[in-house]
Amino acid sequence: MSAITTEGATISQTLIIDTIMPYSPSQKPIVAVNYNFPGPSIEAYENDTLVIRVINKLAQPTTVHWHGIFQIGTPDMDGAVGATQCAIPSSGEMTYRFRAYPAGTAWYHGHYLDQYADGLIGPLIIRRRVEPNQEQYDTERVLTVSDWYNDVARTKLLSWYLSKNNTKGIEPIPDAIVVNGKFSQSLFVKTSGATRIRFRIINAAAFSMYTVSIDGLPLHIIELDQTPVVPYTVSSFMINVAQRVSFYVNLKEFNASYVPPDVPPTKSLYIRFKANPNMYPVDISSYIVPYATPHLPYPIFFNPLYLAILSLNSSNSLPTYPVNSAISGSSNPDLADQLDANILDARPFNQASNIVPNATHYINLVITFHPDSNNITRGYFNNVTYGSDVINVSNKSVSKHWITSEKMTPLLYQMATNPSALSILSPIMENNSSLPVLQSDGNLHYLVPYQAVVDILLENKDKGEHPFHLHGHSFWIISSSDNPQAEQLYSGAYIQRDVVSVPGSGWAKIRFLANNPGAWLFHCHIEWHFDAGLTLVFLAGPNELVAQGYKIPAQQKCFSNHTNDSPR
Ligand SMILES: [Cu+2]
C-alpha cells in the first residue's frame with residue numbers, strides 16, 4: 001500500500017514489459033511486467049496523478065490499458081491500439097499520465113492483440129480517503145484470477161482459433177486456472193491475525209467466468225467493478241471476465257458445521273474459483289486441444305475447480321476437511337448465489353449521487369457468431385465484424401479499419417485533426433424508434449453527440465454469456481433477460497459497472513452518459529471474441545474534443561514511421 005499522500009499527489013512508476021519463463025519445465029514464455037506475473041499492484045488515492053513509464057522490451061509492439069479509469073481529458077492515455085494510440089514499438093517506450101479516477105478496484109492489461117492472455121495483467125487500486133464500509137474490515141487482499149494456457153496466445157492459440165481448420169469457432173480451452181500467478185493448491189493467503197478481511201477479486205482471464213466462494217464463510221459484497229454497494233450477503237457469486245468484486249468476510253461468522261465432526265479442527269479454508277464447464281463449447285474432461293504441445297506436469301485436461309488456501313494461522317497447512325466434504329456446497333442455502341443473475345440485490349451505496357438521467361439516444365446491438373466468406377468464424381454486431389490486420393491478412397477488403405494494427409492512424413487522432421474525413425453519421429429517427437438511433441459508418445464506428453444519454457440494448461443470439469466492456473465510462477445496468485423487472489423496480493437507482501455480463505440467448509439493457517469526448521471501444525472482453533471482431537468504437541463529441549483544446553501529445557505522434565498511412 002502506498003504511503004498516505006496529499007490530495008493530488010503524483011505517483012510515478014516504471015513498468016518494464018518483457019518475457020519470463022517462471023514455470024519450469026514449461027517452456028511457455030509469459031509477457032511479464034517488471035519480471036512478475038501478474039504485474040505489480042499500482043496503488044494511488046483518487047485524484048492523484050499517475051505517471052507510468054512503460055518500457056517495451058518485447059520483440060513485438062505493446063500498449064497498456066488502464067481498465068476502469070475514465071481518462072477524462074486524457075483520451076489518448078487509454079491504451080487502446082488503433083482507437084487512442086499507435087502501439088509502442090519493440091524497444092520503444094511511452095509515459096502514460098492520467099488522473100486516478102474513479103476510485104475502486106481497477107486493473108491494467110495489455111491491449112495489443114491478445115497480449116493480456118499471455119500474462120500482461122496487474123491490479124490498479126484507487127483508494128478513497130474514506131471508503132464506504134471501511135469500518136467492516138481491518139485488512140485487505142487482492143486476488144487476480146486468470147486462465148492459464150500451455151501455449152502462447154499470439155503465435156499458436158489465436159492463429160488456430162481464427163483459422164479455417166476451426167470450423168466450429170471453438171475458443172482455445174484453458175489448461176488451468178491461476179490466481180496471483182499460482183496454480184491450484186499452491187496459493188496460501190495469510191490472514192496475518194486479522195479476523196475481518198476485505199478481498200478484491202479481479203477476473204483477468206481471457207475466457208472464463210468463475211463462481212467464487214470461501215468454505216463456511218458468508219461473503220458480504222461491498223463493491224462491483226468500481227461502484228460501492230450497500231453490503232449484501234451471499235455464499236458465492238459469479239464474476240465474468242474483466243469484472244471486479246470486493247467483499248469482506250468475518251472469520252467469527254465461520255460455520256463450524258462445515259468441518260465434519262470426525263476430523264481435527266482446521267487451520268485453513270479453501271477459497272474456491274469454479275469455472276462453469278457449461279460455458280466451454282466442448283467436454284473439457286476429454287477434449288484434447290488440436291494445437292497443443294502439453295508441457296507436463298501441467299494438466300492435459302482442464303480442472304474447472306481452483307483451490308486457494310486461506311491460512312488462519314502462520315502455518316501453510318491444508319484444510320483438515322475433504323475438498324468434496326459432504327457438507328460442502330452452499331454454506332448458507334438461504335443466500336443468493338449469483339451476482340449478475342441477481343442485480344436486484346446490488347444497490348448503489350450513494351443513491352443520492354447516482355441520479356440516472358433519461359435516455360436521449362438509442363442503439364440496438366444484435367450479437368452473433370458465424371463464418372465469414374473465408375470460412376473463418378467471426379463475432380458480429382448487427383452483422384458487421386470489426387477488421388483486424390492479423391485476421392484479415394488474406395482478406396484486406398473486409399475492412400481497413402485495423403483496430404489492432406500499429407499501422408493505422410488512431411481514430412482519436414483523426415477525430416482531433418480531420419473529423420469530417422471520418423464520414424461518421426449523425427443519429428437519426430428510425431421507424432419504430434422513439435429516440436434518435438446511433439448510426440454505424442458501416443465499419444462499426446458510431447458518432448455519439450456530446451452529453452447524449454445512450455440506451456444500448458444488447459441482444460445476444462449466441463448461446464454463450466458475454467462480458468461487454470465500455471472504455472472511458474461506466475454505465476448503468478438497467479435490466480436483463482434474467483431480471484427484466486429491474487428497470488421498473490429500480491428506476492433512477494441502477495447499478496453502475498464497466499462490464500456487463502449478457503446472458504446466453506438473452507439480453508441486457510445498459511445506459512451511458514457521453515460526457516467524455518474521445519474514441520472509446522465497446523467490446524466483448526473475452527479475448528478470443530475481441531480478436532474475432534466483436535468490438536465497435538464510439539466516437540464521442542468530436543467537436544467538443546477540439547473545442548476543449550485537445551492536442552495529440554508530441555510523444556505520441558506516432559512512435560513509428562506509420563503516421564502517414566491512410567486510414568481508409
Ligand atoms: Cu464474448
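Here are a few friendly notes on the copper site and on one open sheet of this predicted model.

1. Let's start with the metal. Three residues coordinate the copper ion: H466 and H529 each through ND1, and C524 through SG, at 2.0 to 2.1 Å. Along the sequence these donors follow the spacing H-x57-C-x4-H. H466 lies in strand β24 (residues 466-470) and C524 in strand β29 (residues 518-524), so the pair, 58 residues apart, links distant parts of the chain.

2. It is worth checking how accessible these donors are. H466 has 1% relative accessibility and therefore counts as buried. C524 is buried too, because its relative accessibility is 0%.

3. Now to the sheet. This is an open one of 6 strands, in the order β10-β9-β12-β17-β14-β15, with mixed pairing. At its edges are β10 and β15 (227-234), each pairing on one side only. Ignoring direction, neighbouring strands are turned by 25° against each other on average.

4. At the β10 edge, strand β9 (residues 139-148) runs antiparallel to β10, with 4 bridges between them. W148 is found opposite A176 in β10.

5. Have a look at the side chains of β10 (residues 176-179) as well. A176 and V178 point one way, I177 and V179 the other way, and all are buried. In a regular strand, side chains alternate between the two faces of the sheet.

6. Finally, the β15 edge: strand β14 (residues 219-224) and β15 also make an antiparallel pair, over 5 bridges. Here L219 stands opposite V234 in β15.

Definitions and conventions. Residues numbered from 1 in each chain as written. Predicted model: local features only at pLDDT ≥ 70, side-chain atom pairs only at ≥ 80, totals over all residues. Heavy atoms only, no water. Donors = N, O, S within 2.8 Å, 3.2 Å for Na, K, Ca; no water. Helix = DSSP H or I, 4+ residues; strand = E, 2+ residues; numbered from the N terminus. Buried < 20%, exposed > 50% of the residue type's maximum accessible area, 1.4 Å probe, protein only. Pairing = 2+ DSSP bridges. Axes fitted to C-alpha atoms, helices over the stretch in contact; angles between N-to-C directions.
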